[in-house]
Amino acid sequence: NLQVSEGDNLVTANTFYLRDESKSVELYTTTQQEKEEWIQALFFAINSLYTRKSSLRVGRDILRPLECEIGKKKPHLQKLETAVKCAECAAQFSLLKPKHNCRTCGAVFCGKCCDYKHALSWEDGRKGRVCKSCHTLLTNQNQAAAAEPNQTMMQRPRGLLEVGRADETGGES
């Protein structure tokens, strides 16, 4: 949250501040015109930085839901018209390389990077297009969930009243 503000130094003329949450820097110029040029250039740089950052919000770090939420609830889908590049391979979109939303993380991908299908719980199990990393994560979650009941059955000791066929015939002879 970078800010540029007028200086309030009474000793030195033509000062201005550059501030964020943790630091503050006082700058000064020799003329008032130079000061105004610097402030204008800094405002332009800050605005272009925020514009670029907002276009990068399609990236994995900002919009992507937490791994524990992927596949469990409907994501916020990034608007297709705001994306310029694929969030995975950074390929430019065109008529030959169309845009697709991943239905689990919401980011925009090219067809090659979003070429997997997975059942979506919020769409009554209907299969939707998902990106490679979401597909890998969902596949691992499904494999872990499928292996979990088998592991607990194998690891759980038998109770006193649980007797198998082999125990019944082997114990009586």
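Let me begin with one pair of residues: Phe16 has Leu27, in strand 3, standing opposite it. I should say at once that what we are looking at is a predicted model, and everything that follows is to be taken in that light.

Phe16 and Leu27 are one facing pair, and another is Tyr17, whose bridge partner in strand 3 is Glu26. Taken as a whole, strand 2, which covers residues 15-19, is joined to strand 3 by 5 bridges, and the two run antiparallel. The connection between strand 2 and strand 3 is a hairpin, with 4 residues between the strands. Widening the view, we find an open sheet of 3 strands in the order 1-2-3, with antiparallel pairing. Its edges are strand 1, residues 3-6, and strand 3, residues 24-28, each of which pairs on one side only. If direction is ignored, neighbouring strands of this sheet are turned against each other by 25 degrees on average. As a reminder of the background, strands of a sheet pair through backbone hydrogen bonds, either parallel or antiparallel.

Before leaving this region, I would like to point to Asn14, which lies in the loop between strand 1 and strand 2. Its phi is near 60 degrees, which is a positive value in a residue other than glycine. Asn14 is also buried, with a relative accessible area of 15%, and the limit for calling a residue buried is under 20%.

Let me step back to the chain overall. The protein chain has 3 helices and 7 strands, and, read along the sequence, these follow the pattern β-β-β-α-β-β-β-β-α-α. Of its 173 residues, 25% are buried. Among the contacts with a separation of 6 or more, 36% are between residues 24 or more positions apart. The chain exposes about 12800 Å², and carbon and sulfur atoms supply 55% of that area.

Now to the interior. In soluble globular proteins, nonpolar side chains tend to be buried together. Here the largest nonpolar core has 18 residues, and those with the most contacts inside it are Cys86, Phe93, Cys102, Cys105, Phe109, Cys131 and Cys134. The elements giving two or more residues to this core are strand 5, residues 108-110, and helix 2, residues 132-155. Apart from it lies another core, of 5 residues, and this one includes Val4, Phe16, Ile39 and Leu42, so that we meet Phe16 again, the residue that stands opposite Leu27.

With cysteines so prominent in that list, the question to ask is how many disulfides a search of the whole structure finds. The search finds 0. Cys86 and Cys89 illustrate the point, because the sulfur of Cys86 is 3.7 Å from its closest cysteine sulfur, in Cys89, and that is too far for a bond, the cut-off being 2.5 Å. Looked at from the other side, the sulfur of Cys89 has its closest cysteine sulfur in Cys86, again at 3.7 Å. In burial, Cys86 counts as buried at 4% relative accessibility, whereas Cys89 is partly exposed, with a relative accessible area of 42%. Cys134, which has its place in helix 2, is buried with a relative accessible area of 0%. Cys134 and Gly71 are 63 residues apart in sequence, and yet 8.3 Å apart in space, C-alpha to C-alpha.

I will finish with strand 6 and strand 7, which pair in the antiparallel sense over 4 bridges. Within that pairing, Ala119 stands opposite Lys127 in strand 7. The side chains of strand 7, residues 127-130, alternate, with Gly128 and Val130 pointing to one face and being buried, while Lys127 and Arg129 point to the other and are not.

In strand 6, residues 116-119, we find His118, which counts as buried at 13% relative accessibility. Which residues does His118 touch, if we do not count those up to four places away in sequence? They are Arg126, Lys127, Gly128, Val130, Leu138 and Asn142, and Gly128 and Val130 are the two that point to the buried face of strand 7.

Lastly, the loop between strand 6 and strand 7 holds Asp124, which has a positive phi of about 55 degrees although it is not a glycine. Asp124 is exposed, with a relative accessible area of 78%, whereas Asn14, with its own positive phi, is buried.

Note on methods. Residues are numbered from 1 along each chain as its sequence is written. This is a predicted model: local features need pLDDT of at least 70, side-chain atom pairs count only at pLDDT 80 or more; totals for chains, interfaces and linings use all residues. Side-chain values use heavy atoms; hydrogens and water are left out. Two strands pair if DSSP finds at least two bridges between them. Axes are lines fitted to C-alpha atoms, for helices over the stretch in contact, and angles run from 0 to 180 degrees between N-to-C directions. A nonpolar core is a set of buried Ala, Val, Leu, Ile, Met, Phe, Trp, Tyr and Cys residues joined through side-chain atoms within 4.5 Å. Buried means under 20% relative accessible area, exposed over 50%, partly exposed in between (1.4 Å probe, protein chains only). Contact means heavy atoms within 4.5 Å. Accessible areas come from the Shrake-Rupley method with a 1.4 Å probe; for residues, only the protein chains shown count as cover.
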